[in-house]
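Hi,

Here is the structure I promised to pass on. Have a look at it first, and then read on for what I found in it.

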Amino acid sequence: MNDSYKKTIRACFTGCVVQAITNNFAPLLFITFEKQYGIPLSEITVLITLNFALQLIIDFVSVYFIDKIGYRLSMIIAHSFSAAGLISLAFLPDIIGNPFFGLAAADVLYAVGGGLLEVTVSPIVEACPNEHKSKTMSILHSFYCWGTVGVIVISTLFFHFAGIDSWNTLAVLWAIVPIVNGIAFLGVPIAPLISEDEEGLPVAQMMRIKIFWAFMLIMFCAGASEQSVSQWASAFAEKALGISKTVGDLAGPTLFSLFMGTSRMIYGKFGEKIQLDRMILVSSVICIAAYLMISVSSTPIAGLAGIAVSGFSVGILWPGTLSKASKTIKGGGTAMFALLALAGDAGCAGGPTLAGRVASVLNDNLKAGILAAIVFPVILTAALLAMKRNK
């Protein structure tokens, strides 16, 4: 690969870290917001919904404007909004009369940045001249995992030594990452996603392709399979396994992300020796086993082991599906990546929502909630088998 494109790929790797910062830093402060500003958790929940809704909207509307303004400008805008959101988070709640509106404004800014990153980093990496695109795609998405772990661990250590009251300072420090990486995108080369002799598929035409809808279903289930455990890992560790809140916050989400990142790095390192279709199918089956393991766990060790296996099993599902779709649907371009991201993000919301609602109905039984969410890896496995049979 040309050395200049290596710089592009490294900038995209950092872009995934920026996305991890925008998605995971504020949730660490929800209890702090409640105590410091007197904001009830019901209103803080609105921030979560707002962030998710905006990212879905960005996934959809990006189909119509990214190709017009170009990937470079889209990336610069994404990093600018991410940095502005983090800096606003540090100051707006105290400047604006109503702290909730300040938090909501910051939420809007970094949600737009995170949503744009969601639909730009993958196609930029896919477009780079590279013999092993699926390997690079897997490594790319592993950096979201490493970023998540880094945000949780570094922030926790910072709060321990500097005090939770210094969270504003850390928000500004985290904003340095998107600022520096946004500057990097001013100069790195960006290859066209669709070659000059290849015609891009219109959205309406792509939606008439049956295999496209199969990939949409797989992406939805991949997102749901990932987040049903990830979003509830901390609460599960605390309530169902009897682990302290501090240990649960670190052990649950961090363990999940570490193993998910490890899975992606393994394929990124040895991908030429591993058949992608087979790894995705085997991973979906292992995911079913992990859900069962979590649901029937009777000890903290067994429960945490199930979380780890779940993280490892879902690692290849999202990046692997993107790579398969790119190879299968020629000319899909930006629209295909954006719509697949839309399906994946919808699954990321639907999975934990189902698990949470079932758990709530059954007296906050998170084991039962996660067991109900097993429907997603089951559907995913069935879809993969059907695709393989009809190949």
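**What I found**

Gln 227 is buried, its relative accessible area being 11%. Please keep in mind as you read that this is a predicted model. Gln 227 sits in helix H9, which covers residues 210–230. Leaving out residues up to four places away in sequence, Gln 227 touches Trp 232, Cys 348 and Pro 352.

Ser 310 is another residue to click on. Its place is in helix H13 (residues 300–314), and with a relative accessible area of 0% Ser 310 is buried. Setting aside neighbours within four places in sequence, Ser 310 is in contact with Val 229, Phe 256, Ala 290, Tyr 291 and Ile 294.

Gln 36 belongs to helix H2 (residues 30–37). Is Gln 36 buried, partly exposed or exposed? Its relative accessible area is 39%, and because buried means under 20% and exposed over 50%, Gln 36 counts as partly exposed. Apart from neighbours within four places in sequence, Gln 36 contacts Asp 94 and Trp 167. Gln 36 and Val 63 are 27 residues apart along the chain, and their C-alpha atoms are separated by 40 Å.

**How the helices pack**

Two packed helices are described by the angle between their axes and the distance between the axes. Here are three pairs to look at.

Start with helix H4 (residues 71–95) and helix H7 (residues 167–184), which pack at an angle of about 165 degrees with their axes 8 Å apart. Because an angle over 145 degrees counts as roughly antiparallel, H4 is roughly antiparallel to H7. The crossing of H4 and H7 is left-handed. On the H4 side, the residues that meet H7 include Ile 76, His 79, Leu 86, Phe 91 and Asp 94; among their partners in H7 are Trp 167, Asn 168, Trp 174, Pro 178 and Gly 182. By class, the contact of H4 with H7 has 14 nonpolar residues, five polar and one charged. Asp 94 and Trp 167, which take part in this contact, are also the residues that Gln 36 touches beyond its sequence neighbours.

H7 also packs against helix H6 (residues 133–162): their axes come within 10 Å and cross at roughly 145 degrees. H6 passes H7 in a right-handed crossing. From H6, the contact takes in Gly 150, Val 151, Ile 154, Ser 155, Phe 158 and Phe 159, and from H7 it takes in Trp 167, Thr 169, Leu 170, Leu 173 and Trp 174. How many charged residues does the contact of H6 with H7 have? There are no charged residues in it, alongside eight nonpolar and three polar ones.

The third pair is helix H14 (residues 317–328) with helix H15 (residues 333–361), at an angle of about 150 degrees and with axes 11 Å apart. H14 and H15 are therefore roughly antiparallel to each other, and their crossing is right-handed. Trp 318, Leu 322, Ala 325 and Ser 326 of H14 make the contact with Met 336, Phe 337, Leu 340, Ala 341, Gly 344, Asp 345 and Cys 348 of H15. These residues divide into eight nonpolar, two polar and one charged. Cys 348 will be familiar from above, as one of the residues that Gln 227 touches.

**Aromatic pairs**

The count of aromatic pairs comes to eight. In one of them, the ring centres of Phe 60 and Tyr 64 are 5.8 Å apart and the planes stand at 65 degrees, so the pair is edge-to-face. Both residues lie in helix H3 (residues 41–69), four residues apart, which is about one turn of the helix. Phe 60 is partly exposed at 40% relative accessibility, and Tyr 64 is partly exposed at 47%.

Phe 220 and Phe 376 form an edge-to-face pair as well, with 6.1 Å from centre to centre and 65 degrees between the planes. Because Phe 220 lies in helix H9 and Phe 376 in helix H17 (residues 375–389), this pair ties together parts that are 156 residues apart in sequence. Phe 220 is partly exposed at 27% relative accessibility, whereas Phe 376 is buried at 9%.

Finally, ring pairs link Phe 33, Tyr 37 and Trp 167 into a cluster.

Best wishes

Notes:
Residues numbered from 1 in each chain as written. Predicted model: local features only at pLDDT ≥ 70, side-chain atom pairs only at ≥ 80, totals over all residues. Heavy atoms only, no water. Helix = DSSP H or I, 4+ residues; strand = E, 2+ residues; numbered from the N terminus. Buried < 20%, exposed > 50% of the residue type's maximum accessible area, 1.4 Å probe, protein only. Contact = heavy atoms within 4.5 Å. Axes fitted to C-alpha atoms, helices over the stretch in contact; angles between N-to-C directions. Parallel < 35°, antiparallel > 145°, perpendicular 65-115°, else oblique. Left-handed = near helix turned anticlockwise from the far one by under 90°. Nonpolar A, V, L, I, M, F, W, Y, C, P; charged D, E, K, R; others polar. Phe/Tyr/Trp six-rings, centres within 6.5 Å; stacked < 30°, edge-to-face > 60°.
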